[in-house]
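Please read this briefing alongside the sequence and the 3D view. It takes the protein chain as a whole before turning to one of its helices.

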Amino acid sequence: MFHTDAVQAAGYLDLDVRKLGVDLLSLSGHKFHGPKGTGVLFIRRGAPFLPFLLGGGQERERRSGTENIPGIVGLSVALETANSQREESSRHCAALRDRIVDQVLARVRGSRLNGHPTQRLPNNANFSFPGVEGEPILLGLDMAGVAASSGSACSSGSLEPSHVLLALGQSAEVARGSLRLTLGKDNTDEQVDYLLDVLVDLVERLRQLPSLTTAGS
């Protein structure tokens, strides 16, 4: 049995489950501009499955409870729209992503790109900044109006370094200085320019504050 968490893929990658060969696939509505709190679970016919909720027998006894019809319809329309705009959105985000990658690596000394330079989601860039903790970077970006993350959203409450970066061979110290930036179809060149100016200045200022670096941590 194979399940894939595809929440970052909707609107950017082909989600044809027959081509993918997956048994289960999950999506989250807010990732492709659908209603928050909605999601999709594809289950291949015949795949074993234990219900999340028992009782009423709704949704073919897979999840009891009254269906959220407005959420289902909104999610369906959002997914259809995201899929119809997939190629255009991917080209747009990839161009912005490549600008961010090129400029960060050129302007922030010692910065590292995590992952393959091109074989990655078109809207995703993940960096490590040795010598600086990720948390103060996030706080500084947030104060400047930039939303970012130092890891996956599901582990945002943890101060531990990303287990993915550790598996890729990063040291714990370097992994703690990671930053994840995710773009959308509505992001602009002007916003990228602003991000770059803020980030470059922020990392350099933090490196001048010994209490906020990773040295000795």
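What follows describes a predicted model, with the overall fold and surface treated before a single helix.

**Overall fold**
- The protein chain contains eight helices and six strands, and along the sequence these elements come in the order β-α-β-β-α-α-α-β-β-α-α-α-β-α.
- Measuring along the principal axes, the C-alpha trace extends over about 60 × 35 × 30 Å.
- Among contacts in the protein chain with a separation of 6 or more, 60% join residues that lie 24 or more positions apart.

**Burial, surface and charge**
- The protein chain has 217 residues, of which 37% count as buried, while the area it exposes is about 12900 Å², with carbon and sulfur atoms supplying 54% of that area.
- There are 22 positive and 24 negative charges in the protein chain, and the mean positions of the two sets lie 4 Å apart.

**Helix H3**
- Helix H3 covers residues 69–84, and because 16 residues at 1.5 Å a residue should span 22 Å, the 23 Å between its end C-alpha atoms agrees with expectation.
- The buried residues in H3 are Gly71, Leu75, Ala78 and Ala82; they cover an arc of only 70 degrees around the axis, which puts them on the same side of H3.
- In general, an α-helix has 3.6 residues a turn, so residues three or four places apart point the same way.
- The buried residues of H3 pack against strand S3 (39–43) and helix H4 (86–107), whereas Glu80 and Ser84, on the other side of H3, are exposed.

Definitions and conventions:
Residues are numbered from 1 along each chain as its sequence is written. This is a predicted model: local features need pLDDT of at least 70, side-chain atom pairs count only at pLDDT 80 or more; totals for chains, interfaces and linings use all residues. Side-chain values use heavy atoms; hydrogens and water are left out. Helices (H or I, at least four residues) and strands (E, at least two) are DSSP runs, numbered from the N terminus. Buried means under 20% relative accessible area, exposed over 50%, partly exposed in between (1.4 Å probe, protein chains only). Contact means heavy atoms within 4.5 Å. Accessible areas come from the Shrake-Rupley method with a 1.4 Å probe; for residues, only the protein chains shown count as cover. Lys and Arg count as positive and Asp and Glu as negative; His and the chain ends are not counted. The place of a charge is taken as NZ of Lys, CZ of Arg, CG of Asp or CD of Glu. The expected span of a helix is 1.5 Å times one less than its number of residues. The arc is that of the directions from the helix axis to the C-beta atoms.
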